[in-house]
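Let's walk through this one together, beginning with the sheet and working outward. Have the structure open and follow along.

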Amino acid sequence: MANHCYVNSIAQVSCQKPLSDEWFDSPCIYEDKYVRAQEPDTKGLIVPSEARRMSKILKRTVCTAITALNESDIKQPDAIITGTGMGCMENSEKFLIDLSRFGEQCLKPTLFMQSTHNTISSLIAIILKCHGYNNTYSHKGISFESSLFDAWIQIKSGMIRNALVGAHDEVTPFMDLVMERTHPEYSLVSEASVSTIVTNTRSDRNLCEISDVRLLHRPEYSDLAALLNPEEDGIILLGLNGNSLNDEPYEKLVRTLSYNPHILQYKNIFGDNFSASALAFYAASKIMQRQEIPSLMLWNAEVAPDIDEIKSITILNQSDGTTWSLIRLKKV
Amino acid sequence: MDNLILQLKNQIIEVLNLEDMTPEDIDAEAPLFGDGLGLDSIDALELIVLLEREYGIKLSNPAEGKQIFKSIASIADYVSKNRKK
């Protein structure tokens with residue numbers, strides 16, 4: 001697999017200022033445990049007559065996808081690959097409530113059409129008139145990595161030249177209520193919509209290179225530790241969220257390592273949800289581009305590591321303590 | 001009839017997410033499809049569901065639809081004559 005795979009552009013909608021890097025210097029700090037995403041200004045990105053039929057997650061998706069494309073060298077991607085843990089949750093909830101109230105005879109067609117997981121990826125394809133490869137991965141907390149792995153391996157093997165990869169999840173008040181009852185330890189729950197253009201072409205615009213993507217099911221900690229080395233994995237970005245069930249596997253892994261990496265976190269800034277790891281990818285790409293680390297991302301440290309050049313960042317994510325992912329980003 | 005027209009305008013704004021519109025912006029006699037409000041076939045399905053849910057009207061003959069959904073006024077006229085709730 002001789003081809004390289006670069007991050008050409010990336011855009012986010014979250015509880016931080018949407019379609020912006022402002023969080024890097026002045027992040028929004030929340031005291032509430034559940035915060036919805038800040039809605040992007042759709043003007044110039046979505047035709048108003050089309051926007052009226054779109055739910056929040058679809059508007060956020062189109063805004064990040066079009067912004068990522070506008071900021072990239074690519075106008076028509078070879079593939080559109082999307083990850084989502086829960087799909088169009090708000091529409092699904094409305095549809096199910098209607099189903100229970102009105103039965104099967106009297107259901108709204110728009111909610112029916114726009115409550116499936118692959119609505120997201122297909123809507124981007126319709127807007128871009130992109131007839132290429134289109135796929136959706138719905139694998140809980142590693143949905144984004146599954147999409148990125150698909151794009152990465154197809155670019156590395158020469159099957160496609162570039163792809164629009166994204167991960168999108170909304171967290172409704174009802175979902176928050178359920179999580180509050182089942183996982184009350186969470187520090188911040190929010191929503192995520194991230195779109196990125198990945199390409200095989202070297203360009204000054206590229207933020208970084210994706211040198212490795214791995215998905216591992218029920219690995220031993222020693223197997224995970226064997227994948228990491230101090231030269232390439234000196235900075236590790238983890239999905240710590242303040243819940244001991246979630247954090248313990250990360251802490252165990254760190255204890256297993258034979259060296260002391262600089263540990264970064266991101267869920268304290270962006271919150272947690274099934275697409276949160278896409279925000280880790282976004283934050284790491286921006287760190288690589290700007291060559292600085294926001295102090296809020298430091299874990300168990302008060303000052304940023306004294307590093308002349310950030311050559312690589314490794315993102316480690318786990319879902320339910322069973323499935324792990326590793327994404328290694330390198331400076332270009 | 002005026003009250004029914006106003007009620008229908010409000011229901012259509014809500015069901016079709018015409019967020020930037022008020023009842024005053026909609027001419028009761030103007031065409032709903034094509035020109036006028038510029039609604040499409042999915043909106044037509046939403047209107048059929050609206051009539052069934054709110055007024056108990058089941059449109060069994062699709063050919064009737066074109067005439068009924070010509071304008072807000074024509075919907076109001078049909079609803080006033082056929083409503084079951």
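**Starting from the sheet**

In this predicted model, chain A has an open sheet of ten strands with mixed pairing, and the strand order reads S3-S2-S4-S5-S1-S6-S10-S9-S7-S8. At the edges sit strand S3 (133-137) and strand S8 (262-265) of chain A, each pairing on one side only. Going from one strand to the next, the twist averages 25 degrees.

Now look at the S3 edge. Strand S2 (residues 79-83) of chain A runs parallel to S3(A), and five bridges join the two. If you want a spot to check by eye, Ile80(A) stands opposite Asn134(A) in S3(A).

Next, add a helix. Helix H6 (residues 143-156) of chain A lies across a whole list of strands of chain A: S2, S3, strand S4 (162-169), strand S5 (192-199), strand S6 (208-217), strand S9 (312-319) and strand S10 (323-330). Relative to S2(A), helix H6 of chain A runs at about 155 degrees.

Time to zoom out. Chain A has eleven helices and ten strands. Its C-alpha atoms fill a box of roughly 60 × 45 × 40 Å along the principal axes. How does the radius of gyration of chain A agree with that of a compact globule? With 332 residues, such a globule would come out near 20 Å, and chain A has 19 Å, so the two agree. Of those 332 residues, 47% count as buried. Among contacts in chain A with a separation of 6 or more, 80% come from residues 24 or more positions apart.

Finally, turn to the partner chain. Nine residues of chain A are in contact with eleven residues of chain B. On the chain A side, the residues divide into four nonpolar, two polar and three charged.

Conventions. Residues numbered from 1 in each chain as written. Chains lettered and ligands numbered in written order. Predicted model: local features only at pLDDT ≥ 70, side-chain atom pairs only at ≥ 80, totals over all residues. Helix = DSSP H or I, 4+ residues; strand = E, 2+ residues; numbered from the N terminus. Rg over C-alpha atoms; globule rule 2.2 N^0.38 Å. Buried ≥ 20, exposed ≤ 12 C-beta atoms within 10 Å, placed from the backbone. Contact = placed C-beta atoms within 7 Å. Nonpolar A, V, L, I, M, F, W, Y, C, P; charged D, E, K, R; others polar. Pairing = 2+ DSSP bridges. Axes fitted to C-alpha atoms, helices over the stretch in contact; angles between N-to-C directions.
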